[in-house]
Amino acid sequence: MRRKEFDILSFLAEHPGWVYTKEQIYVSIWRDEHPVNVDNAVTCQIKQLRKKLGNNPKGTPYIETVWGVGYKFNHGM
């Protein structure tokens, strides 16, 4: 797992069920790096992370998209 992917997973898993915007994820993970396209940066990392994680035992993705808002982490229980 790449560093950014791990950092995003850790960030989301700290508070399962909480919804974070792409902007909140970007600010928390990329911190002092030069600004880039926030939507694209976060979306690409989430996509790769989902491929690696697969689905939880409930059959739903660990990282769920909340349309119009952002992403949240679903634990496997």
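## Close-up views of a predicted model

**View 1. Contacts across the whole chain.** Take the contacts in the protein between residues at least 6 apart in sequence: 43% of them join residues at least 24 apart. Please keep in mind that what you see is a predicted model. Three helices and two strands make up the secondary structure of the protein, and from the N terminus on they come in the order α-α-α-β-β. With a radius of gyration of 12 Å, close to the 11 Å that the globule rule gives for 77 residues, the protein is as compact as a globular protein of that length. Along the principal axes, the C-alpha atoms fill a box of roughly 40 × 25 × 20 Å.

**View 2. Inside and outside.** How many of the 77 residues count as buried? The share is 31%. Turning to the outside, the protein exposes about 5100 Å², and 54% of this area is supplied by carbon and sulfur atoms. You can also look for the charged side chains: there are 11 positive and 8 negative ones, and the centres of the two sets lie 8 Å apart.

**View 3. Helix α1 and its cover.** Helix α1 spans residues 3-13, and its buried residues are Glu5, Asp7, Ile8, Leu9, Phe11 and Leu12. Which elements help to cover these buried residues of α1? Among them are α2 (22-30), α3, β1 and β2.

**View 4. Ala41 in helix α3.** Here we zoom in on Ala41, a residue of helix α3. Is Ala41 buried or exposed? Its relative accessible area is 15%, which is under the 20% cut-off, so Ala41 counts as buried. Once its neighbours within four places in sequence are left aside, the contacts of Ala41 are Tyr26, Trp30 and Val36. One of these partners, Tyr26, is 15 residues away from Ala41 in sequence, yet the two C-alpha atoms are 7.8 Å apart in space.

**View 5. Lys51, also in helix α3.** Helix α3 covers residues 38-53, and Lys51 is found there. The relative accessible area of Lys51 is 59%, over the 50% cut-off, so Lys51 counts as exposed. Now find Pro61, which is 10 residues from Lys51 along the chain: a distance of 9.8 Å separates their C-alpha atoms.

**View 6. The hairpin of β1 and β2.** Strand β1 (residues 63-66) and strand β2 (residues 70-73) run antiparallel and are joined by four bridges. Try tracing the pairs yourself: Ile63 stands opposite Phe73 in β2, while Val66 has Gly70 as its bridge partner in that strand. Three residues lie between the strands of this hairpin, where Gly68 takes a positive phi near 80 degrees.

**View 7. Asn74, after the hairpin.** Follow the chain into the segment after β2 and you will meet Asn74. Asn74 has a relative accessible area of 14%, so it is buried. What is Asn74 in contact with, leaving aside its neighbours within four places in sequence? The partners are Asn56, Pro61, Tyr62 and Glu64. You can also locate Asn55, which is 19 residues from Asn74 along the chain; the C-alpha atoms of the two are separated by 9.7 Å.

Conventions
Residues numbered from 1 in each chain as written. Predicted model: local features only at pLDDT ≥ 70, side-chain atom pairs only at ≥ 80, totals over all residues. Heavy atoms only, no water. Buried < 20%, exposed > 50% of the residue type's maximum accessible area, 1.4 Å probe, protein only. Rg over C-alpha atoms; globule rule 2.2 N^0.38 Å. Contact = heavy atoms within 4.5 Å. Areas by Shrake-Rupley, 256 points an atom, 1.4 Å probe, with all protein chains shown as cover. Lys, Arg positive; Asp, Glu negative; His and termini not counted. Charge placed at Lys NZ, Arg CZ, Asp CG, Glu CD. Pairing = 2+ DSSP bridges.
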